[in-house]
Amino acid sequence: PPAQDPLLLLKALQLLWTKKEMKKQLKEEIRRGFAGLEDPLAGLLDMLESSGDWKGKGHSLGYYITAELQLWIKEHPAVQQSGIKLKKLQARVLRILAQCPANLLDPLISIYQLHTADRNYLLGHVSHLYHKGNYKEAAILSIKLKLQPDQDVEKMCTPLLLQDKMNLVEDYVGEYPELQSKLLQILDTWCEPGFNIRDITRQYQGLSRYKPDKFNRKMLSKLVFRLLDRFNVDPALCPNVINQRHLRTLNYLFYKRFVEKTMTQENWTDHVQSTVGENRWLQGHLIQLLVSHCDLNTAARWARRCNLPKEMLPYGVADELQKLQIQERVEEAAKAENYEESKKKDYYQLPIPRANIHFLQTWEETLGCWEKVLQPGQVVGIDMEWRPSFGMVGKPRVSLLQIALKDEVFLFDLPRLLEQAETEGEKEKLPHFIQKLYSDAAITKLGYGMSGDLSSLAATWSALKDTEKQARGVVDLLTVDKQKVDVLSPEQSYEEREFRQPEKGLSLLVQHVLGKPLDKTEQLSNWEKRPLREEQIIYAASDAYCLLEIYEKLCKDPASFGLSSDLSGSLVGKPSLKPRAKKQLNKQEVSSPSGQQCKGSKKETTCPPAPISPKEFSVVCDNMLQGLGRYLRCLGVDVRMLENDDDHRKAAEIARQEGRVILTSGLPYQTLQSQVAEGRCFSVNCSEKAKEQALQVLKHFNVQVSLADIFSRCQ
């Protein structure tokens, strides 16, 4: 029979395609059609060139015919072309590939054997696409045809970055470690302090979907860290980005120490030293920061410690270097002594002698501990410490594991024990005991947010990765925190509130149950540095031991803490996840975004707060609640309001600095409540009028308004 015309075949297929129920017939017609074509490969191109329905996304007749031909060729390999005929077909298909959606690429590349085509010819075609401004298409085709090793990675990826196509850039270098390193080095040079990013963007001014606002140092830095992490590349390749990150850490440490004042001198010093290291550039910045936050004397002492040459020092610091005196050290020692004494009055104190805290660094030293711990009926408090990561890549490595018994506490030096296990080839000994402890239901394990601790432990020692699944007999005191009614919280006076950071997490639970909070000044210690300081040892032991005391007190009198009398029944079970950064959940009630108070499932009897006058009530209103703010001010309340263009987070800053309650609504409530002490953030119903909102606030905080309060403040 005479060969069929591909375009007549296409017409017949289009008719069947419109009738969706004819799928089976369509398939048979396509196969019959191919068998009747003189050259099915050329026929498919004729059909694709004349139809164009395949250019959109999703399934099209063009895609359906192509997929069927791909299968049909496998059954009829004789139709495959070669030599000059195939070259002509390849030239035609490349024109189609430039316009076709992703789902058509693979079948067409396979049918026309593009992987066997002349590589220079393919590179020339991709280059042509690139110069026409089809950067995305050029990149996708290069990935499919594996052309990347013969291309310029900077040239190919820059326009994609400017169009915010990060994922495509990652795929482009995905299988080529050399290109990954090259790309990272290029991105890092763009982050050099003197480099002008506009020099790059200028060349691509007419780019479609161009997003220059997204193309900045911050974005580049984030991208570099994402790629370093994903491809596991040595960070030393990116000195500029790493230095910038360290400089940000340095600025953050100065903020924590000198603005927020929540970090001790020792911890701050440890972190500054490990951040700056031997890097002269960072050391120079450190001295400048010290001059602006402290004084010349402090800057001079650090300059001496870093062994900085005089020509690097700012004016005045060099002179001060020669005047350092011993007298200051004497004063420091006296000050520290007084501080320690006052701390004893204010914070939880460990009730066991110092001699009963054991620091274990060898396998032999741990044996005595396991003998005591692995006893049926034993109750143990468990906690872990790791060095704060300040935004660096990866999960933290546990530096210290603390196990507390009634009369003693054991501190396991994990880095040292891990090192010893590797050199002696006995990696499984310690994990075996830790797993035995967690999986034994006859031993009660107390923790606070155990799930987070266990996942960090698994990341530190891979042999412990299934510990969480096998855990039995676990009491997570974080669940108590979620259930318990805050009936015993002692009211803090306004004076105390101003000078002390609000307690949160485990410290708040210790305060509620045992009367005094934990001293958390060592929380941000460098736990990897050895030897540990005495303060760190006491802190670590207290963190684990206090769990035993809390548990004992809650078991004796669960009802007065708003818990069911069968305490063990409600708690023993799987570990629960620590809220991010150990932040507290609101215990008495959780405000829903609409402002309605959602009560817990248990019957709770909460005492209303003591009545206060509007003069004593200070608030900061989020930027969509100016009407409420003005109304409360009329009633004599001390009100501060955010401007319309302020970020919601500013409310938390003001609240912390000035001891104010935040009034907000909707989604910002979820963010803000976790940044201030419990009960210091309230969500109002934004669908109500200002007057109703005000009544809701006054009732919740028990504010009693008298006639004299009205208009007592300047409006």
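This report walks through the enclosed cavities found in the structure above, which is a predicted model.

Rolling a probe the size of a water molecule over the atoms shows where empty space is left. Here the count comes to two cavities of 30 Å³ or more. The table sets them side by side.

| Cavity | Volume | Nonpolar lining residues | Polar lining residues | Charged lining residues |
|---|---|---|---|---|
| Largest cavity | about 100 Å³ | six nonpolar | one polar | four charged |
| Second largest cavity | about 50 Å³ | six nonpolar | two polar | one charged |

**The largest cavity**

If you would like to find this one in the viewer, start with helices α21 (414-423) and α22 (429-439), each of which supplies at least two residues of its lining. The residues around the largest cavity are W363, L417, Q420, A421, E424, E426, K427, K429, L430, P431 and W461. Four residues of this lining count as charged, beside six nonpolar and one polar.

**The second largest cavity**

For this one, turn to helices α3 (40-51) and α4 (61-75), as each gives at least two residues to the lining. Which helix supplies the largest share of the lining of the second largest cavity? That is α3, with four residues. The full lining consists of L10, L44, M47, L48, S51, D53, L61, G62 and I65. Six of these residues are nonpolar, two are polar and one is charged.

Conventions:
Residues are numbered from 1 along each chain as its sequence is written. This is a predicted model: local features need pLDDT of at least 70, side-chain atom pairs count only at pLDDT 80 or more; totals for chains, interfaces and linings use all residues. Side-chain values use heavy atoms; hydrogens and water are left out. On a 1 Å grid over the protein atoms alone, a cavity is a set of points where a 1.4 Å probe fits but cannot get out, and a pocket is an open set with protein on both sides within 12 Å along at least five of seven lines; lining residues have an atom within 4 Å of a point. Grid points are joined across faces, edges and corners, and a volume is the space filled by probe spheres set on the points. Ala, Val, Leu, Ile, Met, Phe, Trp, Tyr, Cys and Pro count as nonpolar, Asp, Glu, Lys and Arg as charged, and the others, Gly among them, as polar.
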